[in-house]
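I opened this notebook to record what I looked up in one structure, entry by entry. Each entry states what I sought and what I found.

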Amino acid sequence: MVETRTRVLLADDDIDALRRLALRLTAAGFDLETVDSGVAALSRVSVFRPHVVVADLGGEAMDSMGLFDALHSQYPTLPVILMTAHGTIGDAVHATRRGVFGFLAKPVDKEELVELIQEATRIGLVESGGADPDPWRKAILTQSPAMEELLSQAQRIAQSKASVFIGGESGTGKELLARAIHDASTRRDGSFVAVNCSAIPENLLESELFGHRKGAFTGATRDHKGLFRAADGGTLFLDEIGDMPRSFQVKLLRALQEMKVRPVGATEDETVDVRIISATHADLDKAMAEGNFREDLYYRLNVVTLRLPRLAQRQEDIPLLAAHFIRELAETYGDRVKGFAPEAMEVLVGFDWPGNVRQLRNLVEQCVALSTTPLIPLTLVQRALKDEPAAFLPLQEARDQFERNYLIRLLQMTHGNVTQAAKLAKRNRTEFYRLLSRHGMNPALFKTPPEGSEGEVSEVVG
């Protein structure tokens, strides 16, 4: 198998600096393309599809942060490294908080830049071949900084005895996080018992959690130890705790306070040793205000709070999860489907995902079942999403984006032949050249490269 070289798009409006840095990065083994403006970078990125963008721009039309914002809106997972000769620590902090991958001061140290590009590539590529995660978190696939911080907190909390409350929308993976906390704790050799409180009828909830004695009620033909005692020495995960009937909440509070349960039909309490993790998608603050959830139970459960982000807030994980689901589904549907077409993946990354990871898995399975090609096409994804748009752009931005993409497609179809492209667009050559100039496009970049040109530094786009 041929190893794919890392593709780097280098943008710098200082032509001399651009040429010097281009030679260094090419010598370091990167597949490099260079441009000298932000608009040229936006035009080239959709054709070149870089793994990393490195930029130092101070132009009035589009500076480095302007380029980052434009790239981030269309390619949220594309790592961007900024360079500057005039930056301050404050600028660096501001840029990284906005999502810029790295910030380097000029003169740039070549080794430092190469290391940063390699790090960005390891994080940005789905099939990065990185080290296996720790066993306790192996079921949680992520390369999101927000998720990594959450998992770091979870690992620290796991070492304590504190009750943990996990918030988050349905489908974000609350049970997976609860199991990870259990596996990272000293209770890992004990049982992890999960129960969905909304799935158990109110009249059976006490029996299911605390157990019952034979003959305690009609149908109780044998002793049942209950889920609290089943989790003794381990962890009990109470999912959808917000749906628990208020009439049972006081009994649960007593059990948590004393770590004792009394099975239905018994006359004595039994001591238990369990770690409680609870979760819900409901707004418990609102439930307490409306009198539907006890405040004292809330604070007993909510000693430490972890909140899972929505899938749309961890967009960098979408390609990773989609690839994982495809591999997982190969056992059922075969391995004919290898992945998503680039245009289809862009739609997945930009979608809002109201059903979160659960919805993504459902969509991947639907597409795998229906796809007749190794790469799932854009049309199949749009049909599965029912063409639901991710967001509305301002009119001028949407118009510019459409016009830029339209011109790129024309130049791709005609291999950079302006006369043919202008005819297809039903515009004269002069007007068409003005359009290309406005978007910083060089038709020569779309021409088929001559044989033997591989490995050379590309021409600077003017």
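The entries below go from the whole chain to one sheet and then to one pair of helices.

Entry 1, overall content. I noted at the outset that I was working with a predicted model. I counted the secondary structure elements and found 19 helices and 14 strands in the protein. I then looked up burial: of the 462 residues in the protein, 45% are buried. For contacts, I considered pairs of residues at least 6 apart in sequence, and 70% of these contacts join residues at least 24 apart.

Entry 2, the sheet. In what order do the 5 strands of the open sheet lie? I read the order as β2-β1-β3-β4-β5, with parallel pairing. At the edges I found β2 (31–35) and β5 (102–105), each of which pairs on one side only. I also looked up the twist, and neighbouring strands of this sheet are turned by 20° against each other on average, with direction ignored. As a reminder to myself, strands of a sheet pair through backbone hydrogen bonds, in either a parallel or an antiparallel manner.

Entry 3, β1 and β2. I followed the pairing of strand β1 (residues 7–12) with β2 and found that the two run parallel and are joined by 5 bridges. Two residue pairs went into my notes. V8 stands opposite L32 in β2, and A11 has V35 of β2 as its bridge partner. I next traced the connection: the chain leaves β1, passes through helix α1 (residues 15–27) and reaches β2. I recorded this β-α-β crossover as right-handed. Is β2, an edge strand, mostly covered or mostly open? I found it mostly covered, with 4 of its 5 residues buried.

Entry 4, α13 and α14. Two packed helices are described by the angle between their axes and the distance between the axes, so I looked up both quantities. The axes of helix α13 (residues 318–333) and helix α14 (residues 342–350) come within 9 Å and cross at roughly 115°. I noted the crossing of α13 and α14 as right-handed. Which residues make the contact? On α13 I listed I318, P319 and A322, and on α14 I listed M345, L348 and V349. I then sorted the residues of this contact by character and obtained 6 nonpolar, no polar and no charged.

Methods
Residues are numbered from 1 along each chain as its sequence is written. This is a predicted model: local features need pLDDT of at least 70, side-chain atom pairs count only at pLDDT 80 or more; totals for chains, interfaces and linings use all residues. Side-chain values use heavy atoms; hydrogens and water are left out. Two strands pair if DSSP finds at least two bridges between them. Axes are lines fitted to C-alpha atoms, for helices over the stretch in contact, and angles run from 0 to 180 degrees between N-to-C directions. A crossing is left-handed if the near helix is turned anticlockwise from the far one by less than a right angle, and right-handed if clockwise. Contact means heavy atoms within 4.5 Å. Ala, Val, Leu, Ile, Met, Phe, Trp, Tyr, Cys and Pro count as nonpolar, Asp, Glu, Lys and Arg as charged, and the others, Gly among them, as polar. Buried means under 20% relative accessible area, exposed over 50%, partly exposed in between (1.4 Å probe, protein chains only). A crossover is right-handed if, with the strands pointing away from the viewer, the path from the first strand over the helix to the second runs clockwise.
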